[in-house]
Amino acid sequence: MLLSIPDVLTPEQVLKARGVMSGAAWVDGRVTAGHQSAKAKTNEQLPEDHPAARELGDVIVQALGRNSLFLSAALPLKVFPPLFNRYEGGQSFGTHVDNAVRQVPNSPHRVRTDLSATLFLADPTEYEGGELVVEDTYGVHSLKLPAGHMALYPASSLHHVNPVTRGARVASFFWIQSMIRDDGRRAILFDMDLAIQRLAADHPEHPSAVALTGVYHNLLRQWVEM
Ligand code: NI
């Protein structure tokens with residue numbers, strides 16, 4: 001499932017993030033790439049332990065915790081501390097898959113990457129190219145979202161970032177370990193959650209709304225991994 005989640009950050013939060021990032025020292029993006037993807041990757045990143053990265057990352061994680069669409073779609077167990085990248089002057093990231101497991105820096109914790117997220121921090125008018133292109137069984141999808149919006153997609157999919165030929169593309173990227181490892185099961189629960197919410201809104205007194213909520217939780221209980 002590929003999902004666009006609007007307004008994860010407010011315009012004010014995006015502006016503040018851009019200000020903090022513009023004053024920071026960037027490094028070669030290959031520091032977090034695996035052996036194979038390092039060959040395909042040219043961009044810059046904020047160092048993982050950079051105070052600005054950690055401060056902005058916390059803002060994003062807190063915003064995600066209040067975002068009902070994200071919570072319903074991702075059913076998150078762990079969120080990898082968000083990273084930040086910048087592409088300009090023709091930089092790109094060729095077709096690759098993300099590593100299955102990531103070590104959280106300076107901690108004993110590891111995150112299984114069920115979902116990948118790209119939170120756009122530059123507006124599409126600021127740069128040319130730079131589309132996030134995700135390949136799944138339904139075809140090839142190209143995304144270039146407004147600043148503050150986030151693309152959420154299975155980390156198992158092949159994906160790339162097109163060359164940025166004008167301006168700069170700034171984004172945050174990270175991974176989520178879901179309580180539901182399987183993408184198909186997670187999609188069923190998401191569809192059901194949305195349908196129950198609509199039913200409960202249109203027919204609040206209908207007993208099936210409660211019954212279906214029970215079915216949702218019983219499915220979740222069958223499949224959850226913590
Ligand atoms: Ni990737």
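A residue counts as buried under 20% relative accessible area, as exposed over 50%, and as partly exposed in between. The exercises below apply this and similar criteria to a predicted model.

**Exercise 1. Determine whether Lys78 is buried, partly exposed or exposed, and describe its surroundings.**

Solution.
Step 1. Locate the residue: Lys78 belongs to strand E5.
Step 2. Compare its accessibility with the cut-offs. The relative accessibility of Lys78 is 33%, so the residue is classed as partly exposed.
Step 3. List the contacts. Leaving aside residues up to four places away in sequence, Lys78 touches Arg110, Val111, Trp175, Ile176 and Gln177.
Step 4. Compare sequence with space. Lys78 and Ser178 are separated by 100 residues in sequence, yet their C-alpha atoms are 6.9 Å apart.

**Exercise 2. Identify the aromatic pairs of the structure and classify their geometry.**

Solution.
Step 1. Recall the description: a pair of aromatic rings is characterised by the distance of the centres and the angle of the planes.
Step 2. Count the pairs: the structure contains two.
Step 3. Take the pair of Phe80 and Trp175. The ring centres are 5.3 Å apart and the planes stand at 80°, so this pair is edge-to-face.
Step 4. Place the two partners. Phe80 is in the loop between strand E5 (76-79) and strand E6 (83-88), while Trp175 is in strand E17 (residues 168-178); with their positions 95 residues apart, the pair links distant parts of the chain.
Step 5. Take the pair of Phe173 and Trp175. With 5.8 Å from centre to centre and 85° between the planes, this pair is edge-to-face.
Step 6. Combine the pairs: Phe80, Phe173 and Trp175 are joined by ring pairs into a cluster.
Step 7. Assess the accessibility of the cluster members. Phe80 and Trp175 are both buried. For Trp175 the relative accessibility is 4%. Phe173, at 12%, also counts as buried.

**Exercise 3. Find the charged side chains that lie over the face of an aromatic ring.**

Solution.
Step 1. Examine Trp26: Arg86 lies over the face of this ring, 4.4 Å from the ring centre.
Step 2. Examine Tyr127: Lys144 lies over its face, at 4.5 Å from the ring centre.
Step 3. Follow Arg86 further. Arg86 is also linked with Glu44 and Glu88 in a network of salt bridges.

**Exercise 4. Trace salt bridges that connect separate parts of the chain.**

Solution.
Step 1. Begin with the principle: side chains of opposite charge can pair when their charged atoms come close.
Step 2. Establish the total: the whole structure has nine salt bridges.
Step 3. Consider Glu55 and Lys16, which form a salt bridge with their closest N and O atoms 3.3 Å apart. Glu55 is in helix H3 (residues 51-65) and Lys16 in helix H1 (residues 11-22), so the bridge ties together parts 39 residues apart in sequence. Glu55 has a relative accessible area of 40% and is partly exposed.
Step 4. Consider Glu126 and Arg18, whose salt bridge has an N to O distance of 2.8 Å. Glu126 is in the loop between strand E10 (115-120) and strand E11 (128-129), and Arg18 is in helix H1; the two are 108 residues apart. Both are partly exposed, Glu126 at 30% and Arg18 at 27%.
Step 5. Consider Arg166 and Glu128, which meet in a salt bridge of 3.1 Å, N to O. Arg166 is in strand E16 (residues 164-166) and Glu128 in strand E11, so parts 38 residues apart in sequence are tied together. Arg166 is partly exposed at 41%, and Glu128 is partly exposed at 41%.

**Exercise 5. Check the length of helix H6 and describe how its buried residues are arranged.**

Solution.
Step 1. Compute the expected span. Helix H6 (residues 207-223) has 17 residues; at 1.5 Å a residue, the expected span is 24 Å.
Step 2. Compare with the model: the end C-alpha atoms of H6 are 25 Å apart, which agrees.
Step 3. Name the buried residues of H6: Ala209, Tyr216, Leu220 and Trp223. They cover an arc of only 75° around the axis, so they lie on the same side of H6.
Step 4. Turn to the other side of H6, where Pro207, Val210, Arg221 and Gln222 are exposed.
Step 5. Identify a covering element: helix H5 (183-202) is included in what covers the buried residues of H6.

Key: Residues are numbered from 1 along each chain as its sequence is written. This is a predicted model: local features need pLDDT of at least 70, side-chain atom pairs count only at pLDDT 80 or more; totals for chains, interfaces and linings use all residues. Side-chain values use heavy atoms; hydrogens and water are left out. Rings of Phe, Tyr and Trp (its six-membered ring) pair if their centres lie within 6.5 Å; planes under 30 degrees apart count as stacked, over 60 as edge-to-face and the rest as tilted. Helices (H or I, at least four residues) and strands (E, at least two) are DSSP runs, numbered from the N terminus. Buried means under 20% relative accessible area, exposed over 50%, partly exposed in between (1.4 Å probe, protein chains only). A charge sits over a ring if NZ of Lys or CZ of Arg is within 6 Å of the ring centre and within 35 degrees of the ring normal. A salt bridge is a side-chain nitrogen of Lys or Arg within 4 Å of a carboxyl oxygen of Asp or Glu. The expected span of a helix is 1.5 Å times one less than its number of residues. The arc is that of the directions from the helix axis to the C-beta atoms. Contact means heavy atoms within 4.5 Å.
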